[in-house]
Amino acid sequence: MSDIRNEIKKRRTFAIISHPDAGKTTLTEKFLLYGGVINTAGSVKGKATAKHAVSDWMEIEKERGISVTSSVLQFNYDGYCINILDTPGHQDFSEDTYRTLMAADSAVMVIDASKGVEAQTRKLFKVCAMRHIPIFTFINKMDRDAKDTFDLLDDIEKELGIPTCPVNWPIGSGKAFKGVYSRKEREVDLFSDTRKGTTTGEVKKVAVDSPEAGSLIGEEAKALLEEEIELLDGASAEFDQDLVDQGKLSPVFFGSALTNFGVETFLQHFLTMTTSPLPRMSDHGEIDPMEEEDFSAFVFKIQANMNKAHRDRIAFMRICSGEFDAGMTVWHVQGGKDVRLSQPQQMMASERKIIDKAYAGDVIGVFDPGIFSIGDTLTTSKDRFAYEGIPTFAPEHFARVRQVDTMKRKQFVKGINQIAQEGAIQIFQEYNTGMEEIIVGVVGVLQFDVLKYRLQNEYNVEIILENLPYEHIRWIENENIDLDHVSGTSDMKKIKDLKDRPLLLFVHEWSIRMTQERNEGLILAEFGRS
Ligand code: G4P
């Protein structure tokens, strides 16, 4: 066990969240440079290379030049084994993006210094906050004109409701960017942008109180820095590792991913402040990877038809305890039978590689003959515990599905149900209208195209999607509610899911509050229980 425990202890599994264009890809790429995985910037998944990504997983990926799938990047750095879970953004933002966060032990939030907190960050942050996982902030693009630093921190605290603790502090921004001041070391790290593509080159550090500091950054900048530090020391929260662990305090770092400034400092601090694989709740209580010797994992993502010839699916699972051996037989809790996990793979950018060992904290993809669902548990433990399910995340786009050829009802129902089971879309039914029509909800609009394409190509069913104006969905938490008695706003629609659970759709956000006011005791939830 001790060897396994050592392997687990050195693992750091995290997701990077950001609004598109804040610099997530660039930062990831710089991490990989430090990990020695790549040796030139731009070779991983920069936008230019993404267009030609070697991926035959789905035709649609090729056609659109985007990646519909999310992957995991694993590399070693400074004695740590790092797993970065990629959270798809841009148009391919989907429920998978949220679900990936369920497999992470912490999150790095990248914010564009000229923009502050943006919409997609806000949504992803909510999921991290729900899980109480540590959240670290990297304020990027300091080489461009940035918002006032205090305003940026205020923005994070107000928008996201989490206190911040700057570990370092920027000295100017844009053309006047001189570097960062490390608060604990009382040192100035001087900016140079000559290190764009490599990890080599030293950052020049000088003590802030030294006369050299003034001459290097300029007396004016130094005076302003001293003023800001004084203000900061009086106003900001003190660093407290316990609060960081509980996701109640976010350490903040400043830098410029593009010019590779502040990235290694961030990585080094982050790795000591973040956590090794965390315990996870099951129906038999908490399972701690430091104590539980048996293998256990849960499925958080299913990728269909990566190889069209075989119509196979890959189930991605996060290992939560023990060691994985290729070809091992494990108990599939939800299926109630033993299964052999074959073709285990790990992702390396757009390549897949076959692996034979993995440990708690790692993510593996295994061949799925169509038996797994999102949230399923696999284990070798005699206790046969099941991990807590993954919540259903709120779709933001809805459409009514019409079949072109109604004779193909059977294929249609089979296809749409299978695609829903993989978690790419959610399906709902009309409430009490007697109509059999299906309403489909998605997190990102691209999923509509994926649905259409896959029904046509895999099930030979043509559909027409009729967009609905709703943007907000709420699950009703009250047991035994009579939906007939819920009185809502004129822009509200009553629907039910396939398990007959009632839900409400709204066009306007403010209608949610009004509906709550009109129906005393009505409990509306933003996440659905699985
Ligand atoms: P994302 O994954 O969060 O969507 O962002 P990505 O890293 O792709 O970065 C978005 C754009 O911002 C890219 O420019 C990238 O070069 C730039 N960028 C990232 N970090 C920094 C930074 O620290 N400073 C500056 N000035 N720019 C930064 P692009 O022109 O859209 O793409 P590309 O042609 O450079 O690939």
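These are my notebook entries on what I looked up in this structure, which is a predicted model.

**Entry 1: aromatic pairs**

I began with the aromatic rings, and I found that the structure holds 19 aromatic pairs. For F150 and W169 I noted that the ring centres are 4.8 Å apart and the planes stand at 50°, so I wrote this pair down as tilted. I then looked up where the two residues sit: F150 belongs to helix α7 (residues 149-160) and W169 to strand β7 (residues 168-171), so the pair ties together parts that lie 19 residues apart in sequence. Are these two residues buried or exposed? F150 is partly exposed, with a relative accessible area of 21%, while W169 is buried, its relative accessible area being 0%. The cut-off matters for the reading of F150, because a residue counts as buried only under 20% relative accessible area.

I turned next to F398 and F428, whose ring centres are 6.3 Å apart with planes at 45°, so this pair is tilted. It links distant parts of the chain, since F398 is in strand β24 (residues 397-403) and F428 in strand β25 (residues 426-430), 30 residues apart. I recorded both F398 and F428 as buried.

I also asked which residues the ring pairs link into a cluster. The members I listed are F14, F31, F136, F138, F253, F266 and F270.

**Entry 2: R384 and the ring of W331**

I looked at R384 because of its place over a ring: its charged end sits over the ring of W331, 3.6 Å from the ring centre. R384 lies in the loop between β23 (377-379) and β24, and at 42% relative accessibility I counted this residue as partly exposed. I checked its backbone as well, and noted a positive phi of about 50° although R384 is not a glycine.

**Entry 3: a second positive phi**

I made a similar note for D500, a residue other than glycine whose phi is positive, near 70°. D500 is found in the loop between β29 (492-497) and β30 (502-506), and with a relative accessible area of 52% I entered D500 as exposed.

**Entry 4: the surroundings of the ligand**

Which residues come nearest to the ligand? Of the 18 residues around the ligand, I found that D21, K24, T25, T26 and D143 come nearest. When I sorted the shell by residue character, I had four nonpolar, eight polar and six charged residues. Helix α2 (residues 24-34) gives the most to this shell, with three residues.

I then went through single polar atoms of the ligand. One of its oxygen atoms is 2.8 Å from a polar backbone atom of K24, and an oxygen atom of the ligand is 3.4 Å from a polar backbone atom of A22. For D143 I noted a side-chain partner instead, as an N or O atom of that side chain is 2.7 Å from a nitrogen atom of the ligand. As for cover, the ligand has 710 Å² of accessible area on its own, and the protein covers 72% of this.

**Entry 5: E430 and its partners**

I looked up E430, which I placed in strand β25 and which counts as buried at 5% relative accessibility. What does the side chain of E430 contact? I found a polar contact of 2.9 Å that joins it to the side chain of R400, and a polar contact, also given as 2.9 Å, with the side chain of K493.

**Entry 6: Q403 and its partners**

Q403 lies in strand β24, and I counted Q403 as buried at 13% relative accessibility. A polar atom of its side chain lies 3.3 Å from the backbone oxygen of K408, and I also noted a polar contact of 3.3 Å between the side chains of Q403 and R409.

**Entry 7: D376 beside V299**

My last look was at D376, whose place is in the loop between β22 (363-368) and β23. At 5% relative accessibility D376 counts as buried. How many residues along the chain separate D376 from V299? I read 77 residues, although the C-alpha atoms of D376 and V299 are separated by 5.3 Å.

How values were computed:
Residues are numbered from 1 along each chain as its sequence is written. This is a predicted model: local features need pLDDT of at least 70, side-chain atom pairs count only at pLDDT 80 or more; totals for chains, interfaces and linings use all residues. Side-chain values use heavy atoms; hydrogens and water are left out. Rings of Phe, Tyr and Trp (its six-membered ring) pair if their centres lie within 6.5 Å; planes under 30 degrees apart count as stacked, over 60 as edge-to-face and the rest as tilted. Helices (H or I, at least four residues) and strands (E, at least two) are DSSP runs, numbered from the N terminus. Buried means under 20% relative accessible area, exposed over 50%, partly exposed in between (1.4 Å probe, protein chains only). A charge sits over a ring if NZ of Lys or CZ of Arg is within 6 Å of the ring centre and within 35 degrees of the ring normal. A residue is near a molecule or strand if one of its heavy atoms lies within 4 Å of it. A polar contact is a pair of N or O atoms within 3.5 Å; within protein, one must be able to donate a hydrogen and the other to accept it, and residues adjacent in sequence count only if both atoms are side-chain atoms. Accessible areas come from the Shrake-Rupley method with a 1.4 Å probe; for residues, only the protein chains shown count as cover. Ala, Val, Leu, Ile, Met, Phe, Trp, Tyr, Cys and Pro count as nonpolar, Asp, Glu, Lys and Arg as charged, and the others, Gly among them, as polar.
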